[in-house]
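Student: Could you walk me through this structure, one question at a time? I would like to see the reasoning behind each answer.

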Amino acid sequence: MSDDMTVTDAPERSRFEIRTADGDLVGTAAYTRHDAVTVLTHTEVDDAVEGQGAGSTLVRGALDAIRSNGGKAVALCPFVAGYVERHPEYADLLQPED
């Protein structure tokens, strides 16, 4: 299921969004930005797609976008922190909390 989903940055809403192939919004990863640092504060996916990889796809897409823009991330959201623990290839993006 998650392979059919796309992740986009919606800076006007301060969040990354994940949508189905039909364009339905099924999850968000809220953030605040301070210069080149994106503080990921809360991740949420709809019950209808929970357990189907949507949360992981959302976090991976958010981290990939942050990396491609040359930024760093702070994982205040426990789901994001857990994802990075399970995927150490993203550990270099993390900046300790101030």
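Tutor: Happily! One cut-off first: buried means under 20% relative accessible area, exposed means over 50%, and partly exposed lies in between. Also keep in mind that this is a predicted model.

Student: Is Asp9 buried, exposed or partly exposed?

Tutor: The relative accessible area of Asp9 is 30%. Partly exposed covers the range between the 20% and 50% limits, so Asp9 is partly exposed.

Student: Which residue does Asp9 pair with in a salt bridge?

Tutor: The bridge has its closest N and O atoms 3.0 Å apart. It links distant parts of the chain, with Asp9 in strand 1 (residues 6-10) and its partner in strand 3, 24 residues apart. That partner counts as partly exposed at 36% relative accessibility. The residue paired with Asp9 is Arg33.

Student: How many salt bridges does the structure hold?

Tutor: The Asp9 to Arg33 pair is a salt bridge, and so is the pair of Glu17 and Arg13. Another joins the side chains of Arg15 and Glu17. The total for the structure is six.

Student: Is Glu17 buried or exposed?

Tutor: Glu17 forms a salt bridge with Arg13, with 2.8 Å between the closest N and O atoms. Its relative accessibility is 2%. The limit for buried is under 20%, so Glu17 counts as buried.

Student: And what about Arg13, is that residue buried, exposed or partly exposed?

Tutor: Arg13 has a relative accessible area of 42%. Since the partly exposed class runs between 20% and 50%, Arg13 is partly exposed.

Student: Which residues do salt bridges with shared partners join into one network?

Tutor: Start from Glu17, which bridges to Arg13. Glu17 also meets Arg15 in a salt bridge of 2.8 Å, N to O, and Arg15 is partly exposed at 22% relative accessible area. Bridges that share partners join one network, made of Glu12, Arg13, Arg15, Glu17 and Arg19.

Student: Let's turn to the interior. Which residues have the most contacts inside the largest nonpolar core?

Tutor: This core has 23 residues. One of the best-connected residues is in strand 4, and it is buried, with a relative accessible area of 3%: that is Leu40. The full set with the most contacts is Phe16, Leu40 and Leu63.

Student: Which element gives the most to this core?

Tutor: The largest nonpolar core has 23 residues. Those elements that give two or more residues to it are strand 2 (15-19), strand 3 (25-34), strand 4 (37-45), helix 1 (54-68), strand 5 (72-75) and helix 2 (78-86). With six residues, the element that gives the most is helix 1.

Student: How far is the C-alpha atom of Leu40 from that of Ala10?

Tutor: Leu40 has its place in strand 4. Along the chain, Leu40 and Ala10 are 30 residues apart. Their C-alpha atoms are separated by 13 Å.

Student: Which residues gather in a patch of negative charge on the surface?

Tutor: One member sits in strand 4, namely Glu44. Glu44 is partly exposed, at 47% relative accessible area. The residues that gather in the patch are Glu44, Asp46, Asp47 and Glu50.

Student: Where is Asp35, and is it buried or exposed?

Tutor: Asp35 lies in the loop between strand 3 and strand 4. Asp35 has a positive phi of about 55 degrees although it is not a glycine. Its relative accessibility is 83%, and exposed means over 50%, so Asp35 counts as exposed.

Student: What is the phi of Ser14?

Tutor: Ser14 is found in the loop between strand 1 and strand 2, and it is partly exposed, with a relative accessible area of 33%. Its phi is positive, in a residue other than glycine. The value is near 55 degrees.

Student: One last one: how far apart in space are Ala81 and Ala91?

Tutor: Ala81 is found in helix 2 and counts as partly exposed at 25% relative accessibility. In sequence, Ala81 and Ala91 are ten residues apart. In space, C-alpha to C-alpha, the distance is 9.5 Å.

Note on methods: Residues numbered from 1 in each chain as written. Predicted model: local features only at pLDDT ≥ 70, side-chain atom pairs only at ≥ 80, totals over all residues. Heavy atoms only, no water. Core = buried A, V, L, I, M, F, W, Y, C linked by side-chain atoms within 4.5 Å. Buried < 20%, exposed > 50% of the residue type's maximum accessible area, 1.4 Å probe, protein only. Helix = DSSP H or I, 4+ residues; strand = E, 2+ residues; numbered from the N terminus. Patch = residues over 30% accessible without salt bridge, like charges linked within 9 Å, V, L, I, M, F, W, Y side chains within 5 Å. Areas by Shrake-Rupley, 256 points an atom, 1.4 Å probe, with all protein chains shown as cover. Salt bridge = Lys/Arg side-chain N within 4 Å of Asp/Glu carboxyl O. Lys, Arg positive; Asp, Glu negative; His and termini not counted. Charge placed at Lys NZ, Arg CZ, Asp CG, Glu CD.
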